[in-house]
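This briefing reviews a protein–DNA model, beginning with the DNA contacts and then turning to a sheet and to local backbone features. Please read it alongside the sequence and coordinates.

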Number of protein chains: 2
Amino acid sequence: MSTINLKRLAEELNLSASTVSRALRGSHEISQETKDRVKALAEKLGFQPNPHASSLRQSKSNTIAVVLPEIENNFFSQVMNGVEDVAQKKGYHVLIYLTHEAFAREKDILQVLRNGRVDGIMISVSNTTTSEEHLQEVNRSGLPLVFFDRIVESIDVPRVSTDDTDAAFKGTEHLVEKGCKRIALLSMSGLLSISSRRRNGYLNALKKYGMETDGLQVECGTDDETNRRLITALLQGPNPPDGIFAAVEKLAINTYEVCRQLGVKIPSQLKIISFSNLSVTALFDPPLTTIVQPAYEIGKEAAAVLFKIIQKKTLVPGEKKSVFPSHIVERASTGG
Amino acid sequence: MSTINLKRLAEELNLSASTVSRALRGSHEISQETKDRVKALAEKLGFQPNPHASSLRQSKSNTIAVVLPEIENNFFSQVMNGVEDVAQKKGYHVLIYLTHEAFAREKDILQVLRNGRVDGIMISVSNTTTSEEHLQEVNRSGLPLVFFDRIVESIDVPRVSTDDTDAAFKGTEHLVEKGCKRIALLSMSGLLSISSRRRNGYLNALKKYGMETDGLQVECGTDDETNRRLITALLQGPNPPDGIFAAVEKLAINTYEVCRQLGVKIPSQLKIISFSNLSVTALFDPPLTTIVQPAYEIGKEAAAVLFKIIQKKTLVPGEKKSVFPSHIVERASTGG
DNA sequence: TTTATTCACGCAAACGATTACGAAATTTCT
DNA sequence: AGAAATTTCGTAATCGTTTGCGTGAATAAA
């Protein structure tokens, strides 16, 4: 394009390319006078070092990758927001990759990233991921890796998440406190540890209060139509729940849709709480009680930890596994 | 890292690096037998060409940049989704940059991108952008550029957007048909052409029906608190509107909040329609009538056009300025 | 004044891939 | 069979930066 490079700059200044390079990078081997002269002209001509040459020489890309299941989801958007913020402060660039919850796609992406294009990877794994080999290989290759939200427990890399078990416990307990006697769990199918953690929180709470779980655990999937059928069956069954704990936002929305169709009154007939980072749930009919994850902070922390690894700084123990508390925003869907 | 490179591969095969390179790229100058041998070993060793060396040599990064005001917004997430889809099919990588509606940040980003890091840029400009110089410079440098949604009319690059004027006209007309006599416009301040297009659509409709606009146009900003005050003043004024046309989703939400606080009944006392790509507006109380933009398609088209320019294919006239129609999803907030 | 140091800079070799050019070896054409 | 063309591959230059090493000059130490 503009083809203004080091050599050209050097010629204009009657200097060698190496001197110009050092001057621009603030080397102490160059006199202040020369530095000023170089920087002045570089500024004037709008010179920027070719990033590919730079990266090739230094084997450092100044770029990180964020791999996530979807972006059309407030939680992940907020994470991206946090990531972008710290990346930009560090002068880093951010590549984004979407898996659309497809294992094959996730494998392809990680495969392609193992070639120096990025200095590190942040990933929230897809819910169809059935093997860890692709992640282990990245880890073994020495490429810095950080998990966020959707963690693979068995792989020893730093992870940033929320206290899912505890939050799910409290969410379920909230329903109990509001008088629910039969509380159902709506969760996504799959092997994600995050799912089982939330399920455990739910089960722990029901056990604590000696409540039944039979026929109250519903595994849903990605298809809205199917989910609505499952929920309809649940609500029209012989012994319907009076409370629903939705492990993910999508399922709470499906529940609202079904309730509207069936004429089930929320919260009088059925109370609902759900993990969700959607602020407009406050405008729902009725307003939805949510468990909100600190998504922005999770993104920031995950990025910060990644940069620490990239810069080979040693992590303090808390950074190897940082957990951010979620909090309940109580609204009318669980009102008395 | 793994440091498996062309030279190493070549040594293993008793070939020269150039032959290996050509074989992998499917050159006709290499015998089929050699190609097979090379590809087999490359596959086995998981060889991938160093992207920086490749980019440096070819001055081609296989990367595009998407610059947008925010990601925590369904419209932009859906656009990203579309972009990522076509990029991945083309084997391209996607860098994401957020301006947070800050002009200075936008300038910095575009400045940094003018150095070969990307082969092309897609941008939706910030609403605080007051000058075009930074965009003109990108354009002059020959770096492929495409606008989407928020367009700068005076710069001659391909643009992908929706029929804002027409959609706003129809949205306003929808309110008229529902019986509104005094329709207010809530819009974001700034110089964006998209704002004036939507305003024009609103004004055209009111003119067509001979309706008044005095004191009914409210310019809002980014701060929710301020917006709510402005809307409160509007609704409590001497001559309040019975219909509201919100140019952006955020302002419809602010309006709902105010109405809830003031006890204003929607739609009986006040009808509302808004541009929005949030599907859960169907669950609002009452469900919000929206003007939905085909965000995913806009993202796909913008990316497709960008790739055409990058590959120096000539654009058909329609591609220089493609307009996707928005459509109204009628719900209870404008119900009779 | 002579000898060490330090300063300020240039030379040239990397980094890893691509590609113009050339040169054997083989095939095809007269 | 000899010339021409084709096939198949290697040599080396190149992309633009960074950096180890060397060198002359200026400065400090002896």
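How far is a base nitrogen of DNA strand C from an N or O atom in the side chain of A:Glu29? The separation is 2.7 Å. The model is predicted, and the values below are computed from it. The points that follow are grouped by topic.

**DNA strand C**

- The protein surrounds DNA strand C with 26 residues, and the closest are A:Thr19, A:Arg22, A:Thr34, B:Leu6 and B:Arg57.
- Of the strand C atoms within 4 Å of the protein, 58% belong to sugar or phosphate, and the rest belong to bases.
- Base nitrogens of strand C are approached by side chains from both chains: a polar side-chain atom of A:Ser18 lies 3.1 Å from one such nitrogen, and a side-chain N or O atom of B:Arg22 is 3.3 Å from a base nitrogen.
- Helices α2 and α4 of chain A, together with α2 and α4 of chain B, each supply at least two residues of the surface near DNA strand C. The most comes from α4(B), with five residues.
- Sorted by class, the surface near DNA strand C has eight nonpolar, 12 polar and six charged residues.

**DNA strand D**

- DNA strand D is surrounded by 25 residues, of which the closest are A:Leu6, A:Arg57, B:Thr19, B:Arg22 and B:Thr34.
- Sugar or phosphate accounts for 59% of the strand D atoms within 4 Å of the protein, and bases for the rest.
- Chain A reaches phosphate oxygens of strand D in two ways: through a backbone N or O atom of A:Asn50 at 3.3 Å, and through a polar side-chain atom of A:Ser54 at 3.1 Å.
- From chain B, a polar side-chain atom of B:Ser18 lies 3.4 Å from a base oxygen of DNA strand D.
- The elements giving two or more residues to the surface near DNA strand D are α2 (17–24) and α4 (51–58) of chain A and α2 (17–24) and α4 (51–58) of chain B. Here α4(A) gives the most, with four residues.
- The surface near DNA strand D has seven nonpolar, 12 polar and six charged residues.

**The six-stranded sheet of chain A**

- Six strands of chain A form an open sheet with mixed pairing, in the order β7-β6-β8-β9-β10-β12.
- Strands β7 (217–220) and β12 (327–329) of chain A stand at the edges, each with a single partner strand, so one side of each is left without a neighbour in the sheet. From one strand to the next, the twist averages 20 degrees.
- Strand β6 (residues 183–188) of chain A pairs with β8(A) in the parallel sense over four bridges, and A:Ile183 stands opposite A:Gly243 in β8(A).
- The pairing of β8(A) with β9 (residues 271–275) of chain A is also parallel, over four bridges, with A:Ile244 having A:Ile272 as its bridge partner in β9(A). Between β8(A) and β9(A) the chain passes through helix α11 (residues 249–262) of chain A, and this β-α-β crossover is right-handed.
- In a regular strand, side chains alternate between the two faces of the sheet. Strand β8 (residues 243–246) of chain A is covered on both faces, with A:Gly243 and A:Phe245 buried on one side and A:Ile244 and A:Ala246 buried on the other.
- Strand β10 (residues 289–292) of chain A and β12(A) pair in the antiparallel sense over three bridges, and A:Val292 stands opposite A:His327 in β12(A).

**Local backbone features**

- Most residues other than glycine have a negative phi, and most peptide bonds are trans.
- The peptide bond from A:Ile266 to A:Pro267 is cis, with omega near 5 degrees; A:Pro267 is located in the loop between α11 and β9 of chain A.
- In chain B, the bond from B:Asp285 to B:Pro286 is cis, with omega near -5 degrees; B:Pro286 belongs to the loop between β9 (271–275) and β10 (289–292) of chain B.
- A:Glu101 is not a glycine, yet has a positive phi of about 60 degrees. This residue is in the loop between β2 (93–98) and α6 (103–113) of chain A; A:Glu101 counts as buried because its relative accessibility is 14%, under the 20% limit.
- B:Ser59, also not a glycine, has a positive phi of about 35 degrees. B:Ser59 lies in the loop between α4 and β1 (63–68) of chain B and counts as exposed because its relative accessibility is 65%, over the 50% limit.

Note on methods: Residues numbered from 1 in each chain as written. Chains lettered and ligands numbered in written order. Predicted model: local features only at pLDDT ≥ 70, side-chain atom pairs only at ≥ 80, totals over all residues. Heavy atoms only, no water. Near = heavy atom within 4 Å. Polar contact = N/O pair within 3.5 Å; in protein donor to acceptor, adjacent residues only side chain to side chain. Nonpolar A, V, L, I, M, F, W, Y, C, P; charged D, E, K, R; others polar. Buried < 20%, exposed > 50% of the residue type's maximum accessible area, 1.4 Å probe, protein only. Pairing = 2+ DSSP bridges. Right-handed = clockwise from strand over helix to strand, strands pointing away. Axes fitted to C-alpha atoms, helices over the stretch in contact; angles between N-to-C directions.
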